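This briefing walks through a few local features of one protein model, taking the metal site, a pair of helices and some single residues in turn. Please keep the structure open while reading, and look up each residue as it is named.

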Amino acid sequence: MIIIMSSSATREQVDNVERKLSELGFKTHPIFGDIKTVIGAIGDKRLLNTQLISNMPGVENLVPIMKPYKLAGKELKQTPTIIEIGDVKIGGDELVVMAGPCAIENEANFLETAVKVKEAGAKILRGGAFKPRTSPYAFQGLEEDGLKIMAAAREATGLKIVTEVVDTRDVELVSSYTDIIQIGARNMQNFRLLQEAGSTQKPVLLKRGLSATIEEWLMAAEYIIAAGNKDVILCERGIRTFETATRNTLDLSAIPVVKEASHLPIVIDPSHATGAWKYVAPLAKGAIATGADGLIIEVHPDPANALCDGPQSLRPSKFAQLMKELEPIAMAVGKKI
Ligand code: PEP
Ligand code: MN
């Protein structure tokens, strides 16, 4: 339920309504607008005494939230969520590019990539320390040693970092190193992991599950926000379809659909979507033209010898060229890069 306070409502009246809602067992989410304050009340609506709340001083109106994603949706909050990570803002008029290798392999190679993607204009450095591989025999990541290498690369370059967590037991460890916690496609419906990430203060990059509908994806975001962390960045990384020409099928329509349904920023991962480096540039361009807030791209100095996802990784020089080619497209849709 959304409780719309009148424009003349005082702070005390807002607080009183919030207090009453908590007494009734609701979690409250006030949004202080320029003109009006609205309070999202999330809980079992059968317990909501609407008459009592409607009659409280300062209350103008009660409106039910129709969508199942109450906090991720636009009914409660229409203004876009802009996530600030130091001086990097995701969801505004800046197009944010995250880049780096699939996995952190060793310090020298990771640092080399970090310096190059920064020079090309990336703002956030990606790299996996815990790798959710299809095969248990494939490289699983350097774990905490990888996180230490990431932190050193941040120190050396000033880039922010994003890395994946795959287990609830590692959330505290990963969030103590990273600037953004990544939840991978395979874990999009690992609800305990979502809640655990939601209990941190770090922004969460939530990848769309391989077979998840947009509504299921927004419900996964809802878990994180309901657990107390409103900074969710959605990431479309391709879904499973009957098509086998690419690793997955990039659902570019997710961009306008998400923009209509949610206030959360959305970034596109053309690397995992296609599985082939040569398709990364055209889809990155398409994503920006379609209104994405950013991109996450795999870059490796020696793709042929990468321990993970070499075939879809761009060499640093190709990445730098792509960044230049993105500029006019970003400008055309009113974004800076
Ligand atoms: C990744 O970003 O390295 C990754 C494993 O991605 P996804 O979860 O989208 O497969
Ligand atoms: Mn990868």
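Helices and strands are here runs assigned by DSSP, with at least four residues for a helix and at least two for a strand, and they are numbered from the N terminus. With that numbering, D309 can be placed in the loop between β14 and α11. The model is a predicted one, and the points below are grouped by topic.

**The manganese site**

- The manganese ion (ligand 2) has as its protein donors C102 through SG, H272 through NE2, E298 through OE and D309 through OD, at distances of 2.0 to 2.4 Å.
- Along the sequence, these donor residues follow the spacing C-x169-H-x25-E-x10-D.
- Distant parts of the chain are linked by the pair C102 and D309, which are 207 residues apart, with C102 in the loop between β7 (96–100) and α3 (107–120) and D309 in the loop between β14 (294–298) and α11 (316–332).
- Both members of this pair, C102 and D309, are buried.

**Two residues with positive phi**

- Most residues other than glycine have a negative phi.
- D309 is not a glycine and yet has a positive phi of about 60°; its relative accessible area is 17%, and D309 counts as buried because that value is under 20%.
- E143, also not a glycine, has a positive phi of about 55°, and E143 lies in the loop between β8 (124–126) and α4 (144–157).
- E143 is partly exposed, with a relative accessible area of 41%.

**The helix pair α10 and α11**

- Helix α10 (residues 277–289) packs with α11 at an angle of about 20°, their axes being 9 Å apart, so α10 is roughly parallel to α11.
- The crossing of these two helices, α10 and α11, is right-handed.
- On the α10 side the contact is made by W277, A281, A284, K285, I288 and A289, and on the α11 side by K318, L322, E325, L326, I329 and A330.
- Sorted by class, the contact of α10 with α11 has 9 nonpolar and 3 charged residues, and no polar ones.

**Two threonines**

- T113 belongs to helix α3 and is buried, with a relative accessible area of 0%.
- Leaving aside residues up to four places away in sequence, T113 touches G100, P101, V299 and P301.
- T244 sits in the loop between β12 (232–236) and α8 (254–261) and is exposed, with a relative accessible area of 70%.
- T244 and T274 are 30 residues apart along the chain, and their C-alpha atoms are separated by 9.9 Å.

Terms used. Residues are numbered from 1 along each chain as its sequence is written. Chains are lettered from A and ligands numbered from 1 in the order in which they are written. This is a predicted model: local features need pLDDT of at least 70, side-chain atom pairs count only at pLDDT 80 or more; totals for chains, interfaces and linings use all residues. Side-chain values use heavy atoms; hydrogens and water are left out. Donors are N, O and S atoms within 2.8 Å of the metal (3.2 Å for Na, K and Ca); water is not among the atoms, so sites may look incomplete. Buried means under 20% relative accessible area, exposed over 50%, partly exposed in between (1.4 Å probe, protein chains only). Axes are lines fitted to C-alpha atoms, for helices over the stretch in contact, and angles run from 0 to 180 degrees between N-to-C directions. Angles under 35 degrees count as roughly parallel, over 145 as roughly antiparallel, 65 to 115 as roughly perpendicular and the rest as oblique. A crossing is left-handed if the near helix is turned anticlockwise from the far one by less than a right angle, and right-handed if clockwise. Contact means heavy atoms within 4.5 Å. Ala, Val, Leu, Ile, Met, Phe, Trp, Tyr, Cys and Pro count as nonpolar, Asp, Glu, Lys and Arg as charged, and the others, Gly among them, as polar.
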